[in-house]
Amino acid sequence: QGEFSYPTFVIVDQRDRLIVSDSDNHRVVILDQAGTWLLTINGDVTVSHAFRYPQGLALDPQGNIHVAAYGSNTIKVFTSEGTYVRSYGNVKSPTGMAIDEGYSLVNEWAGNCLSIFDPQGNKIHTVGNLNHPRGVMLDPKSGSLYVANSDANTVLKYSV
């Protein structure tokens, strides 16, 4: 189990478990609300579905965990119990991500864009001219998409 080394993102799943990307340990950790360590996903960079430097996390409608693998330039998908499902996206250093109705919104830090993937993992749209975007969040109440455009020191708002 051990300690965190550069935790970057945290989300809460449908069972109120905390899911943390532990970037420098190359793993995702699942904890209960009291902080008890329940599960480690990956952490072993020698397996075929390994990821390096996980960043953004998101849950799809089925409860699967999508991991923006910054150092692997892809998105890795795992069940809520840590079983590898699939990978998608050929992205440039993905950081923040969100999922809306199965569509993945992925910030590409090195690509300076936000990419949108359909539920099957096909890239269907790209919003460019960003400057090292990090966080992304969709507000379901307003239908607005917010992007932390880090190196431009701005937060951008898009209507969806």
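Trainee: What does the secondary structure of the protein come to, in helices and strands?

Mentor: This is a predicted model, and the count should be read with that in mind. In the model, the protein is built with strands as its regular elements, and the secondary structure comes to 0 helices and 15 strands.

Trainee: What radius of gyration does the protein have, and how does the globule rule compare?

Mentor: The C-alpha atoms fill a box of roughly 40 × 35 × 30 Å along the principal axes. For 160 residues the globule rule gives 15 Å, and the protein comes close to that, so it is as compact as a globular protein of that length. The radius of gyration of the protein is 15 Å.

Trainee: What share of the residues counts as buried?

Mentor: The accessible surface comes to about 7900 Å², and carbon and sulfur atoms hold 48% of that area. Taking residues as buried when they fall under 20% relative accessible area, the share among the 160 residues is 43%.

Trainee: In the open sheet that contains β1, which strands stand at the edges?

Mentor: The sheet is open, with 4 antiparallel strands in the order β1-β2-β3-β4. Two of these strands have a single partner strand each, so one side of each is left without a neighbour in the sheet. From one strand to the next the twist averages 20 degrees. The edge strands are β1 (7-12) and β4 (37-42).

Trainee: Which residue of β2 is the bridge partner of Ile-11?

Mentor: Strands of a sheet pair through backbone hydrogen bonds, either parallel or antiparallel. Here β1 and β2 (residues 18-22) run antiparallel and are joined by 5 bridges. Within β2, the bridge partner of Ile-11 is Ile-19.

Trainee: In the sheet with the order β9-β10-β11-β12, which are the edge strands?

Mentor: These 4 strands form an open sheet with antiparallel pairing, and the twist from one strand to the next averages 20 degrees. An edge strand here pairs on one side only, and the strands in question are β9 (94-100) and β12.

Trainee: Which residue in the turn between β9 and β10 has a positive phi?

Mentor: The two strands pair in the antiparallel sense over 5 bridges, and the bridge partner of Asp-100 in β10 is Tyr-103. They form a hairpin with 2 residues between them, and the turn residue with a positive phi, about 50 degrees, is Glu-101.

Trainee: Which residue in the turn of the hairpin formed by β10 and β11 has a positive phi?

Mentor: β10 pairs with β11 (residues 113-117) over 5 bridges in the antiparallel sense. In β11, Leu-114 is the bridge partner of Asn-107, while Phe-117 is the bridge partner of Ser-104. The hairpin leaves 4 residues between the strands, and the turn residue with a positive phi of about 55 degrees is Asn-112.

Trainee: How many of the residues of β10 are buried?

Mentor: The strand β10 is largely enclosed by the rest of the structure, as its burial shows. One of its residues, Glu-108, is buried with a relative accessible area of 3%. Of the 6 residues of β10, the number buried is 5.

Trainee: With which residue does Glu-108 form a salt bridge?

Mentor: Side chains of opposite charge can pair when their charged atoms come close. The closest N and O atoms of this pair are 3.3 Å apart, within the 4 Å cut-off for a salt bridge. The partner of Glu-108 is Lys-123.

Trainee: How far apart in sequence are the parts tied together by Glu-81 and Arg-15?

Mentor: A search of the whole structure finds 5 salt bridges, and one of them joins Glu-81 to Arg-15, with the closest N and O atoms 2.4 Å apart. Glu-81 lies in the loop between β7 (74-78) and β8 (84-88) and Arg-15 in the loop between β1 and β2, so the separation of the tied parts is 66 residues.

Trainee: Is Asp-22, which forms a salt bridge with Arg-27, buried or exposed?

Mentor: The closest N and O atoms of Arg-27 and Asp-22 are 2.6 Å apart. Arg-27 counts as buried at 10% relative accessibility. With a relative accessible area of 0%, Asp-22 is buried.

Conventions. Residues numbered from 1 in each chain as written. Predicted model: local features only at pLDDT ≥ 70, side-chain atom pairs only at ≥ 80, totals over all residues. Heavy atoms only, no water. Pairing = 2+ DSSP bridges. Axes fitted to C-alpha atoms, helices over the stretch in contact; angles between N-to-C directions. Salt bridge = Lys/Arg side-chain N within 4 Å of Asp/Glu carboxyl O. Buried < 20%, exposed > 50% of the residue type's maximum accessible area, 1.4 Å probe, protein only. Rg over C-alpha atoms; globule rule 2.2 N^0.38 Å. Areas by Shrake-Rupley, 256 points an atom, 1.4 Å probe, with all protein chains shown as cover.
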